[in-house]
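Let's take a look at where the ligand sits and what the protein puts around it.

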Amino acid sequence: MITIKKIKAEDTYPIRLEILRKDIPLPYEFNGDFDEDTFHLGAFKNEKLVAVSSYMKASNSNFKGIQYQLRGMATLIEYQGLGMGKLMLEDSFSILQELKIDCLWCNARVIAVNFYKKMGLQTFGEKFELKYVGDHYVMFKYLE
Ligand SMILES: CC(C)(COP(=O)(O)OP(=O)(O)OC[C@H]1O[C@@H](n2cnc3c(N)ncnc32)[C@H](O)[C@@H]1OP(=O)(O)O)[C@@H](O)C(=O)NCCC(=O)NCCS
């Protein structure tokens, strides 16, 4: 059984490190991890934390209204494709709607763009490179 729960910032670190920071000399702790508005979601499969994602209040001038940025979305390799990311994002949409947030955006790695598209996000603008991590698109979704 898969359950989605709010977790602490520190709980996201092992999966961030393994999936998003392997051989990448960038911090796995993010500015904003402990901000009051920030929340972190974890997907648990039989009590084991197998996927993480973080949501931080941050504005991008390309979008309107009150905004959150999605960061650190990662599923352990052996659990990818089983619905963890989808369930976490769906829960985040409900939480953000309750918080009356207008827009969720992220810097999406090119390999994850189609995952985000399936979840209703759209790309904005041109592809850009983030040092050490490669090509990205800004992606966004307005929450109804
Ligand atoms: C991208 C990632 C977070 C997706 O998480 P996940 O738990 O594997 O995703 P889900 O199983 O919930 O997938 C939901 C749907 O998207 C699809 N999907 C998942 N990853 C995809 C990808 N990279 N490209 C295209 N489709 C993808 C799934 O097949 C599934 O489709 P379905 O609903 O039709 O069955 C995960 O693959 C991952 O951690 N990748 C490496 C790290 C990374 O790139 N993170 C994003 C940084 S911006």
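Helices and strands here are DSSP runs, numbered from the N terminus, with at least four residues for a helix and at least two for a strand. Keep in mind that this is a predicted model.

Start with the pocket. The largest one has a volume of about 850 Å³, and that's where the ligand sits. Its lining is made up of 32 residues, with Leu20, Met73, Ala74, Ala112 and Tyr116 nearest the centre. H1, E4, H2, E5 and H3 each chip in at least two lining residues, and E4 gives the most, with seven. Sorted by class, the lining has 18 nonpolar, nine polar and five charged residues.

Now for the ligand's own shell. It counts 21 residues, and the closest are Thr75, Gly83, Lys86, Ile111 and Lys118. Helix H1 (9–20), strand E4 (67–75), helix H2 (84–98), strand E5 (103–109) and helix H3 (113–118) each provide at least two residues of this shell. Here H3 gives the most, with four residues. By class, the shell holds eleven nonpolar, seven polar and three charged residues.

As for polar contacts to the ligand, here are three:

| Ligand atom | Protein partner | Distance |
|---|---|---|
| nitrogen | Met73, polar backbone atom | 2.8 Å |
| oxygen | Gln80, N or O atom in the side chain | 3.5 Å |
| oxygen | Gly81, polar backbone atom | 2.8 Å |

On its own, the ligand has 890 Å² of accessible area, and the protein covers 74% of that.

Notes
Residues numbered from 1 in each chain as written. Predicted model: local features only at pLDDT ≥ 70, side-chain atom pairs only at ≥ 80, totals over all residues. Heavy atoms only, no water. Near = heavy atom within 4 Å. Polar contact = N/O pair within 3.5 Å; in protein donor to acceptor, adjacent residues only side chain to side chain. Areas by Shrake-Rupley, 256 points an atom, 1.4 Å probe, with all protein chains shown as cover. 1 Å grid on protein atoms, 1.4 Å probe; cavity = no way out; pocket = protein on both sides within 12 Å on 5 of 7 lines; lining within 4 Å. Sits in = over half its atoms within 2 Å of the grid points. Nonpolar A, V, L, I, M, F, W, Y, C, P; charged D, E, K, R; others polar. Points joined across faces, edges and corners; volume = space filled by probe spheres on them.
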